[in-house]
Amino acid sequence: MGDLTDSNSIDDRVLSVVPRREEDIKVVFHKVGDDDDDEHTTERINLQSNSHDERSNDKDARTRTMESSAMQRFCPFIYCRIGGGGDHISTDAGDTVAKEKKHCPGLGLFYGLLATVFFSVIALLVKTIDGVHAVEISAIRCFFQMLFVMPMLIYHKTGFLGPRDKRIYLVMRGFLGSNAMILLFYAVQQMPLADATVIMFSNPVFTALLAWIFLKEKCTIWDCVFTVFTLAGVIMIARPPFIFGARIEEIEGDYTNHLKGTIAAFGGAMGAACTFVILRKMGKSVHYYLSVWYYAVIGFIECFITLFILGEWTIPFCGRDRWILMLIAILGIAGQTFLTKALQIEKAGPVALMRTVDVVLAFIFQFIFFNRKPTMWSLGGACCVVVSTCGVALRKWYSNTHPRKS
């Protein structure tokens, strides 16, 4: 054999094979340094035969594999050209594209739809429970979520803390997400189910504004218009006395509780918007079960401290309520998991469009299970919020699929 060189390419390594005798083969690698024009670094590898009489096909295959591996390591450009016999060898970039995992089209939207259905059922179940504070319901839900998620973390070997550079985001996600859950449950208990759901559903509009502030996403005049429409819808649902007068009819229960529920739902919408921004910031770098784990642990600690301060801890009255609390926890795990997966593999705009089903289901559940027809103000406010949310989602979707040419 002789020296293997390539005169048509400039490379930092040259492979030389120097034969000595039949049983002993020495491969010499010369490395040319950038800072030294006269000296060369030589690496020697001795390949000595263990048998003098016969060479099996298996040994020949191993020898060819070693030679091919050495050529690929020390002469990447030559190896790509000659490729072990002249065959075409794909580059690393091509291999990366070929190995990239492809998701089923529409899978993220399907996950978002499932999460919407689960969250709607949770709100309905919370409305049916009497005598249990919203914070206690949240604590029980977080406790059972911890029990269900812990084996999944052990199975997937993700650990319980997550990547060091993402822990601050996980803590923020857990704190803000659990607060949004508590506020939503409180709003559902204080006001009509559909009204609380509509106000909570306004979070995509605030998500766009927060993404403009923290993620440096583009904000247009349409985002401002949709924000105004959303606030108008919330006002139509809340119906404050300084606008609608002191006597307000068709309000479920006391108006003070209705106003408390409105404020809680609005705060929950802001918390959910912050959660969505954090999830988009983390992307796929954090396992979705780890995100749910932080949500459950921080939420349970927060609820436990709050219940201790308020002194509102009570035992559910009957077995039915206890089973409902467990079902809320299970559906919460499923909803959080599917929502996180949807935001990881799909853009936020299409996922927000799937969440419009939440408003429709809330009005249906309110009419079927509580025999309460929506008022004109509630329907008008719902239309403003839904139109604004769909407008934000469609604008984001269009801008991502049709980028402007510079």
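Gly299 touches Cys142, Ser178 and Tyr294, leaving aside residues up to four places away in sequence. Gly299 belongs to helix H12, residues 288-310. The model is predicted. Gly299 has a relative accessible area of 0%, so it counts as buried.

**Around Gly299**

- The C-alpha atoms of Gly299 and Ala139 are separated by 6.9 Å. Along the chain, these two residues lie 160 residues apart.
- Cys142, one of the residues touched by Gly299, is also among the H5 residues that make the contact with H6.

**Overall make-up**

- The protein has 16 helices and 4 strands.
- Of its 406 residues, 43% are buried.
- Consider contacts between residues at least 6 apart in sequence: 76% of them join residues at least 24 apart.

**The largest nonpolar core**

- This core holds 75 residues. Ile137, Phe185 and Ile328 touch the most other members.
- Helix H12 gives the most to this core, with 11 residues.
- Which residues does Ile137 touch, not counting residues up to four places away in sequence? They are Val126, Ile129, Val132, Phe185, Gln189, Leu325 and Ile328.
- Ile137 therefore touches both Phe185 and Ile328, which are named with Ile137 as the residues that touch the most other core members.

**H5 against H6**

- Helix H5 spans residues 134-156, and helix H6 spans residues 167-190. Their axes come within 8 Å and cross at roughly 135°.
- That angle makes H5 oblique to H6, because angles from 115 up to 145 degrees fall outside the perpendicular and antiparallel ranges.
- The crossing of H5 and H6 is right-handed.
- From H5, the contact uses Ala134, Val135, Ile137, Ser138, Arg141 and Cys142. From H6, it uses Met181, Ile182, Phe185, Tyr186 and Gln189.
- By class, the H5 and H6 contact has 8 nonpolar, 2 polar and 1 charged residues.
- Ile137 of H5 and Phe185 of H6 take part in this contact, and Ile137 touches Phe185.

**H7 against H11**

- Helix H7 covers residues 193-200, and helix H11 covers residues 255-282.
- At what angle do the axes of H7 and H11 cross? They cross at roughly 35° and come within 8 Å.
- The crossing of H7 and H11 is right-handed.
- H7 brings Asp195, Ala196, Ile199 and Met200 to the contact. H11 meets them with His258, Thr262, Ala265, Phe266, Gly268, Ala269 and Ala272.
- By class, the contact of H7 with H11 has 7 nonpolar, 3 polar and 1 charged residues.
- Is H7 mostly covered or mostly open? H7 is mostly covered, with 8 of its 8 residues buried.
- The buried residues of H7 are Leu193, Ala194, Asp195, Ala196, Thr197, Val198, Ile199 and Met200.
- Asp195 is thus buried and meets H11.

**Ser120 in H4**

- Ser120 lies in helix H4, residues 107-128.
- Is Ser120 buried or exposed? Its relative accessibility is 4%, so Ser120 counts as buried. The cut-off for buried is under 20%.
- Ser120 touches Asp358, Leu361 and Phe365, not counting residues up to four places away in sequence.

Terms used
Residues numbered from 1 in each chain as written. Predicted model: local features only at pLDDT ≥ 70, side-chain atom pairs only at ≥ 80, totals over all residues. Heavy atoms only, no water. Helix = DSSP H or I, 4+ residues; strand = E, 2+ residues; numbered from the N terminus. Buried < 20%, exposed > 50% of the residue type's maximum accessible area, 1.4 Å probe, protein only. Contact = heavy atoms within 4.5 Å. Core = buried A, V, L, I, M, F, W, Y, C linked by side-chain atoms within 4.5 Å. Axes fitted to C-alpha atoms, helices over the stretch in contact; angles between N-to-C directions. Left-handed = near helix turned anticlockwise from the far one by under 90°. Nonpolar A, V, L, I, M, F, W, Y, C, P; charged D, E, K, R; others polar. Parallel < 35°, antiparallel > 145°, perpendicular 65-115°, else oblique.
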